[in-house]
2 protein chains.
Amino acid sequence: MPSRVTLQDVAVRADTSRTTAHYVLTGRDREMRIAEETRRRVLRAANELRYRPDLMARGLRTRVTRTIALITDTIATEAYAGGLVHGALAAAAGHGHLLFVCETEEDPALEERLVGELADRHVDAYLYASMFTRDVSLPAGLRTQRVALLNCRTSQRKCPWVVPDERRGGRDAARILLETGHREGIWLVGEPNEQVVAGLERTAGIQETLRAAGTALAGTVHCTWWPESAYEEFGAFLDGGGRASAVICLNDRVAMGVYQALTARGLSVPGDVSVVSFDDSDLAVWLQPPLTSVALPHREMAARAVRLLLGRQTPTELEVRVPMPVRLRESVRPAASA
Amino acid sequence: MPSRVTLQDVAVRADTSRTTAHYVLTGRDREMRIAEETRRRVLRAANELRYRPDLMARGLRTRVTRTIALITDTIATEAYAGGLVHGALAAAAGHGHLLFVCETEEDPALEERLVGELADRHVDAYLYASMFTRDVSLPAGLRTQRVALLNCRTSQRKCPWVVPDERRGGRDAARILLETGHREGIWLVGEPNEQVVAGLERTAGIQETLRAAGTALAGTVHCTWWPESAYEEFGAFLDGGGRASAVICLNDRVAMGVYQALTARGLSVPGDVSVVSFDDSDLAVWLQPPLTSVALPHREMAARAVRLLLGRQTPTELEVRVPMPVRLRESVRPAASA
DNA sequence: TTGAAAGCGCTACCAC
DNA sequence: GTGGTAGCGCTTTCAA
């Protein structure tokens with residue numbers, strides 16, 4: 001039997017009325033000029049009875065439940081997702097809110113059902129997240145709700161969105177190599193022509209910085225963003241006589257494939273080739289040697305989005321670009337010669 | 001403005017009372033012998049007004065909210081966690097329930113606060129999960145609640161728990177090698193003496209099956225369950241003249257380290273050494289060649305736990321051991337000779 | 001068969 | 001300063 005003690009019980013035990021007990025328990029005793037003596041009695045009674053307000057009853061009156069929902073397309077397929085959920089969880093808890101988590105599985109019908117269920121339970125606000133950065137269309141039920149977009153954008157509605165600063169991340173990746181003396185023979189591995197915003201932005205940032213330094217990419221090895229594809233394509237590149245001084249991989253999984261292709265041919269990182277990557281997933285520290293990677297700041301992004309949702313003032317800026325921290329590890333070493 | 005339409009509105013439009021409307025909308029029209037004509041009017045009115053019952057108001061009366069909570073120690077550090085969350089999400093949705101997700105961060109104070117918050121919102125039932133199999137102590141607030149344990153056990157209370165069938169998984173891992181002709185030179189890599197139940201059970205299963213076949217492990221290479229440690233310890237083993245025909249790794253991360261140690265020395269999988277592992281994480285398919293692994297059935301476990309919680313009949317069996325599916329890939333090949 | 005009315009626990013208005 | 005009282009939207013008993 002949880003929450004059996006009611007406000008009424010507290011009032012009775014404090015020998016006062018529900019109203020008075022209510023005011024002191026909601027911290028409005030000063031405002032209502034409740035006698036100090038009364039105040040103490042109420043507080044003591046509440047304590048002794050271990051009173052806890054029934055949030056459902058309160059919500060029925062106030063229409064606020066102190067709950068938010070994280071609606072995401074898919075959580076399990078991407079190991080990265082953990083950061084987003086974790087960040088949202090921690091931030092919500094910090095604001096005294098609880099978090100519903102939902103997965104739409106990219107199914108509009110399921111999505112609509114879930115949004116309905118959430119609304120029926122009077123969720124206060126929504127985090128609408130995508131596992132990879134892209135433009136989304138908000139489900140109809142969310143159009144009139146308080147929403148912050150996480151790792152995605154929309155053109156349908158004026159609502160704040162939080163994304164990684166991929167462009168700057170790209171610049172940083174290139175800068176790491178320039179600072180260690182790499183100028184020629186820098187290859188990009190991945191598929192930058194993809195629909196995926198991240199790829200385009202990262203590539204743009206890389207090229208921008210390289211150009212500013214008076215140099216450019218030696219070329220691109222095309223492959224999907226998965227180890228197997230990178231292993232094969234980069235292996236083919238090497239077998240075809242391709243030679244790289246440094247490689248920028250569009251994510252850690254691609255870097256894993258590159259490592260595999262290299263070691264299978266007796267080449268070493270960073271001895272023969274320096275490697276820089278993006279995401280800073282678990283893989284980055286598991287690879288041998290550990291991989292220098294520009295991190296996807298998932299936790300921080302989620303925290304920012306929650307703050308936008310629950311913070312006091314409505315944000316002036318609609319777009320928040322969260323910096324991608326650079327994690328320097330042993331996969332980069334100074335270029336052989338000047 | 002969501003949920004603005006009330007039962008009252010529907011009753012008015014259907015030209016009947018709230019009670020009648022209520023009965024037909026909750027499907028108790030037959031039981032209450034509501035006139036077919038009335039029934040139709042109510043249904044039509046509800047449809048036209050897009051009536052949706054306010055679950056908070058309903059909950060205030062019935063004390064059921066159709067929500068469950070997943071309380072977990074930590075979600076972000078283990079990429080595996082995704083499966084558990086995903087499974088719980090899908091199963092809960094299947095039962096028309098929404099899922100609160102909480103992370104206690106192994107902090108008893110935070111855990112207690114969260115349990116309190118959940119109770120204040122009248123969560124119907126709880127999934128108490130651990131990211132690695134172990135014995136847990138339930139927070140006080142959960143002692144009187146409907147709880148199912150996920151990937152953990154407790155001695156404090158009689159409540160159902162769901163764990164992987166690690167013992168059988170161990171037997172299967174050994175069987176895979178026996179069936180491909182491996183009898184001698186089978187090494188275990190990992191730390192089976194750990195506090196972790198999984199390690200002990202897996203090892204026990206392996207030894208059982210090997211013994212039944214009249215053979216035994218050639219030995220154990222001790223290391224923690226992380227790539228780096230496995231890379232170093234297994235590397236040292238090889239450098240010390242150690243030779244293995246096949247290796248059973250206590251998880252995929254260990255297998256990754258073993259792969260790295262092998263390829264760094266020009267040895268190949270499965271050409272020189274066959275490798276079998278546990279967990280079937282993302283890594284297993286990313287490694288080159290893809291790794292044969294005995295899967296941790298996280299989704300299925302979560303689904304089972306939800307069913308125990310929400311299913312009609314109270315489970316007769318308190319303990320559910322979920323089989324670990326074997327994923328055969330290219331890391332095993334027949335032993336060189338008989 | 002249908003309808004009036006009470007009440008879940010809380011908030012908030014308005015008298016005293 | 002304090003205490004009735006009226007709902008929030010729903011369920012459910014009881015009478016008609």
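## Exercises on a predicted protein–DNA model

A:Thr292 is buried, with a relative accessible area of 0%. The model used in these exercises is predicted.

### Exercise 1. A buried threonine in chain A

Task: State where A:Thr292 lies, and find what surrounds A:Thr292.

Solution.

Step 1. Locate the residue. A:Thr292 belongs to strand β10 of chain A, which covers residues 292-295.

Step 2. Apply the cut-off. Buried means under 20% relative accessible area, and A:Thr292 has 0%, so A:Thr292 counts as buried.

Step 3. List the contacts, leaving aside neighbours within four places in sequence. A:Thr292 is in contact with A:Ile176, with A:Val275, A:Val276 and A:Ser277, and with A:Arg327, A:Leu328, A:Arg329, A:Glu330, A:Ser331 and A:Val332.

Step 4. Look for a polar partner. A polar atom of the A:Thr292 side chain is 2.7 Å from the backbone nitrogen of A:Arg329.

### Exercise 2. A buried threonine in chain B

Task: Decide whether B:Thr72 is buried or exposed, and name the residue whose side chain makes a polar contact with that of B:Thr72.

Solution.

Step 1. B:Thr72 is part of strand β1 of chain B, residues 67-72.

Step 2. The relative accessibility of B:Thr72 is 1%, so B:Thr72 counts as buried.

Step 3. The side chains of B:Thr72 and B:Asp73 are joined by a polar contact of 3.5 Å.

Step 4. Not counting residues up to four places away in sequence, B:Thr72 touches B:Cys102, B:Glu103, B:Thr104, B:Ala129 and B:Met131.

### Exercise 3. How the two chains are related

Task: Work out which kind of axis relates the two copies, and describe the contact of chain B with chain A.

Solution.

Step 1. Superpose the chains. A turn of 180° with a shift of 0.0 Å along the axis lays chain B on chain A, with an RMSD of 0.0 Å.

Step 2. Draw the conclusion. The two copies are therefore related as by a two-fold rotation axis.

Step 3. Compare the surfaces. The same surface serves both copies, since 100% of the contact residues of chain B recur in chain A.

Step 4. Find the residue of chain B that comes closest to the rotation axis. This is B:Phe100, with its C-alpha at 2.2 Å.

Step 5. Count the residues. Chain B gives 58 residues to the contact and chain A gives 59 residues.

Step 6. State the area. Chain B and chain A bury about 5000 Å² between them, and 62% of this is on carbon and sulfur atoms. Of the area that chain B buries against chain A, 16% comes from B:Met56, B:Leu98 and B:Trp286, more than from any other three residues.

### Exercise 4. The surface near DNA strand D

Task: Describe which elements and residues form the surface near DNA strand D.

Solution.

Step 1. Name the elements. Helices α2 (18-25) and α4 (55-62) of chain A, and α2 (18-25) and α4 (55-62) of chain B, each supply at least two residues.

Step 2. Name the nearest residues. Of the 28 residues around DNA strand D, these are A:Thr16, A:Arg33, B:Arg18, B:His22 and B:Arg58.

Step 3. Sort by class. The surface has 9 nonpolar, 9 polar and 10 charged residues.

Step 4. Separate the parts of the strand. Sugar or phosphate holds 57% of the atoms of DNA strand D within 4 Å of the protein, and bases hold the rest.

Step 5. Give single contacts. An N or O atom in the side chain of B:Arg18 is 2.5 Å from a base nitrogen of DNA strand D. Phosphate oxygens of DNA strand D are 2.8 Å from a polar backbone atom of A:Ser17 and 2.7 Å from a polar side-chain atom of B:Tyr51.

### Exercise 5. The surface near DNA strand C

Task: Give the residue classes of the surface near DNA strand C, and some contacts with bases and phosphate.

Solution.

Step 1. The surface near DNA strand C divides into 8 nonpolar, 9 polar and 10 charged residues.

Step 2. Among the 27 residues around DNA strand C, A:Leu7, A:His22, A:Arg58, B:Thr16 and B:Arg33 come nearest.

Step 3. Two contacts involve a base nitrogen of DNA strand C: a polar side-chain atom of A:Thr19 at 3.3 Å, and a backbone N or O atom of A:Ala57 at 3.3 Å.

Step 4. A phosphate oxygen of DNA strand C lies 3.1 Å from a backbone N or O atom of A:Asp54.

Methods: Residues are numbered from 1 along each chain as its sequence is written. Chains are lettered from A and ligands numbered from 1 in the order in which they are written. This is a predicted model: local features need pLDDT of at least 70, side-chain atom pairs count only at pLDDT 80 or more; totals for chains, interfaces and linings use all residues. Side-chain values use heavy atoms; hydrogens and water are left out. A residue is near a molecule or strand if one of its heavy atoms lies within 4 Å of it. A polar contact is a pair of N or O atoms within 3.5 Å; within protein, one must be able to donate a hydrogen and the other to accept it, and residues adjacent in sequence count only if both atoms are side-chain atoms. Helices (H or I, at least four residues) and strands (E, at least two) are DSSP runs, numbered from the N terminus. Ala, Val, Leu, Ile, Met, Phe, Trp, Tyr, Cys and Pro count as nonpolar, Asp, Glu, Lys and Arg as charged, and the others, Gly among them, as polar. Buried means under 20% relative accessible area, exposed over 50%, partly exposed in between (1.4 Å probe, protein chains only). Contact means heavy atoms within 4.5 Å. Copies are superposed by least squares on the C-alpha atoms of residues with pLDDT of at least 70 in both. Buried area is the accessible area (1.4 Å probe) that two parts lose on being put together, summed over both.
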